[in-house]
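I am opening a notebook on a structure that is new to me, and I want to write down what I look up, one topic at a time.

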Amino acid sequence: MTIREQAVAAAAAARKLAAVSPAVKNKALEAMAAALLAGKEEILQANSRDIEAGKAKNMKASLLDRLLLTDARIEDMAEGLQQVASLRDPVGEIIGGSTLPNGLTVTKIRVPMGVIGIIYEARPNVTADAIGLCLKSGNAVILKGGSEAIHSNTKIAEVLRTAAENAGIPEGSIQFITSTDHAAVQELITLNGLVDVVIPRGSGRLIQAVVGNASVPVIETGVGVCHTFVDAGADYPMAEAIVINAKTQRPAVCNAMETLLVHKDAVKDFLPHMLRVLKDKGVQIIGDETVCAMDGDAVPAAEEDWATEYGDLRLSVKIVDDVDAAIEHISRYGTKHSECIVTRSLANARRFQQMVDAACVYANASTRFTDGFQFGFGAEIGISTQKLHARGPMALPELTTYKYLISGDGQIRP
């Protein structure tokens with residue numbers, strides 16, 4: 001089918017899917033999880049083709065890590081679907097209402113959006129997460145993955161579509177675009193009347209290309225230039241653990257720290273040891289003048305470094321005068337994703353959390369917790385850095401809209 005034909009089929013399926021019971025949707029999710037495990041070898045074979053192609057194109061190690069599937073990662077994908085099945089179904093939830101003086105009852109309920117287009121790069125697990133979340137929230141989904149994962153994504157979508165339809169999900173609810181042509185994205189994001197919303201998930205370049213060219217409404221997921229600010233007099237061993245976790249636990253993901261800000265009064269007691277530990281972990285330091293003077297291996301930071309999402313073991317480090325200077329730096333270079341302060345001062349923690357404009361603002365905890373699973377939401381569709389409709393980890397409620405049901409007994413407007 002053409003992309004338009006896929007969208008027409010998805011729109012027709014969405015009308016039926018909106019009325020499918022929670023029991024049928026949960027049965028389908030369980031069947032999809034089992035199908036992933038049963039099809040593990042075929043999925044891994046498809047993934048190996050993508051990995052080989054990526055290596056041949058000299059793909060960065062961090063991107064290869066995002067692309068790679070293993071037994072454990074497929075098991076995690078299956079577990080994610082099972083967790084989504086166990087979550088409360090948002091469709092039909094009453095979220096407000098009243099009885100008017102004229103006797104009309106007004107009830108506000110959650111309903112599916114309809115057809116959701118998901119555009120993403122590299123990570124095959126997004127295929128399973130997106131399908132599971134869209135299905136549970138009653139939405140048909142059209143997936144457009146990156147060319148680097150075309151074999152993995154095609155196989156995963158095929159396995160999940162077959163299992164879902166066999167379990168009672170309307171045919172056409174799960175669509176995957178197999179074209180690797182960039183024109184396919186442009187067509188998808190301009191199918192007004194067929195596609196209700198588009199969610200891009202990937203690099204800043206991809207996200208901005210979708211935002212700048214779409215006529216269909218877009219929920220913008222975020223590039224993560226995430227900061228950790230270590231305040232003067234902080235618990236420095238705790239700060240060290242948070243910094244190491246935020247930077248090195250999985251540097252390729254969007255909630256990893258990219259810039260470390262250190263209060264000028266914390267430099268002497270905290271920074272020299274912290275830099276040594278980071279270097280021992282293989283982290284390349286990119287610093288301001290003070291940092292470079294302390295570490296002969298550090299690379300002087302250029303202006304663009306403060307706004308760069310490295311996605312690997314590089315870290316920008318800057319000395320700031322106080323908490324307000326840290327907030328100002330984050331306001332200038334941050335991407336409204338996840339920001340952290342490590343401090344013993346309750347006043348500074350409150351000021352930081354109040355003044356920093358980001359979806360998730362931490363005090364004394366790693367930014368790596370910005371994740372649907374970690375927040376107890378189940379699998380997520382992405383981290384929204386915008387302010388309209390959805391912000392932060394987007395799980396089931398964020399994939400619904402609402403409508404008003406008005407009931408009367410013959411009222412007419414005077």
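**Entry 1, a helix pair.** I began with helix α10 (residues 236-248) and helix α11 (residues 267-280), whose axes come within 11 Å and cross at roughly 35°. I noted that this model is a predicted one. The crossing of α10 and α11 is right-handed. I then looked up which residues meet there: from α10 they are Tyr236, Ala239, Glu240, Val243 and Ile244, and from α11 they are Asp269, Phe270, His273, Met274, Val277 and Leu278.

**Entry 2, the cores.** Which residues have the most contacts inside the largest nonpolar core? I found Met32, Leu36 and Ile118 in that place, in a core of 50 residues. I followed Leu36 outward and, leaving aside residues up to four places away in sequence, saw it touch Ile43, Ile74, Met77, Ala78, Leu81, Ala128, Ile156, Val159 and Leu160. Apart from this core lies another, of 31 residues, which includes Ile242, Val243, Leu271 and Tyr362. Val243 had already appeared in my first entry, as one of the α10 residues that meet α11.

**Entry 3, helix α13.** In α13 (residues 323-333) I listed the buried residues as Val323, Ala326, Ile327, His329, Ile330 and Tyr333. Seen down the axis of α13, these buried residues fall within an arc of 160°, so they line one face of the helix. I recalled that an α-helix has 3.6 residues a turn, so residues three or four places apart point the same way. On the face of α13 turned away from the buried side I found the exposed residues Glu328, Ser331 and Arg332. The buried residues pack against the strands β7 (226-230), β8 (257-263), β11 (314-320) and β12 (338-342), and also against helix α14 (346-355). At the N-terminal end of α13 the cap is Asp322, which has a side-chain oxygen 3.2 Å from the backbone nitrogen of Asp324.

**Entry 4, helix α9.** I asked which residues are buried in α9 (residues 204-213). They are Leu206, Ile207 and Val210, and, seen down the axis of α9, they fall within an arc of 95°, so they too line one face of their helix. The face of α9 turned away from that side carries Arg205 and Gly212, which are exposed. Among the elements that cover the buried residues of α9 I noted β3 (115-120), α8 (182-188) and β6 (197-201).

**Entry 5, Arg344.** I went on to the loop between β12 and α14, where Arg344 has its place. Is Arg344 buried or exposed? With a relative accessibility of 62%, Arg344 counts as exposed. Not counting residues up to four places away in sequence, Arg344 touches Gly233, Ala234 and Asp235, and its side chain reaches the backbone oxygen of Gly233 at 2.8 Å. I also looked up Lys264, which is 80 residues from Arg344 along the chain, and the C-alpha atoms of the two are separated by 16 Å.

**Entry 6, positive phi values.** Most residues other than glycine have a negative phi. I therefore looked twice at Asn58, which is not a glycine and yet has a positive phi of about 60°. Asn58 sits in the loop between α3 (40-56) and α4 (61-67), and it is exposed, with a relative accessible area of 67%. His389, also not a glycine, has a positive phi of about 75°. I placed His389 in the loop between β14 (383-384) and β15 (392-393), where it is partly exposed at a relative accessible area of 46%.

Note on methods: Residues numbered from 1 in each chain as written. Predicted model: local features only at pLDDT ≥ 70, side-chain atom pairs only at ≥ 80, totals over all residues. Heavy atoms only, no water. Core = buried A, V, L, I, M, F, W, Y, C linked by side-chain atoms within 4.5 Å. Buried < 20%, exposed > 50% of the residue type's maximum accessible area, 1.4 Å probe, protein only. Contact = heavy atoms within 4.5 Å. Helix = DSSP H or I, 4+ residues; strand = E, 2+ residues; numbered from the N terminus. Arc of directions from axis to C-beta. Polar contact = N/O pair within 3.5 Å; in protein donor to acceptor, adjacent residues only side chain to side chain. Axes fitted to C-alpha atoms, helices over the stretch in contact; angles between N-to-C directions. Left-handed = near helix turned anticlockwise from the far one by under 90°.
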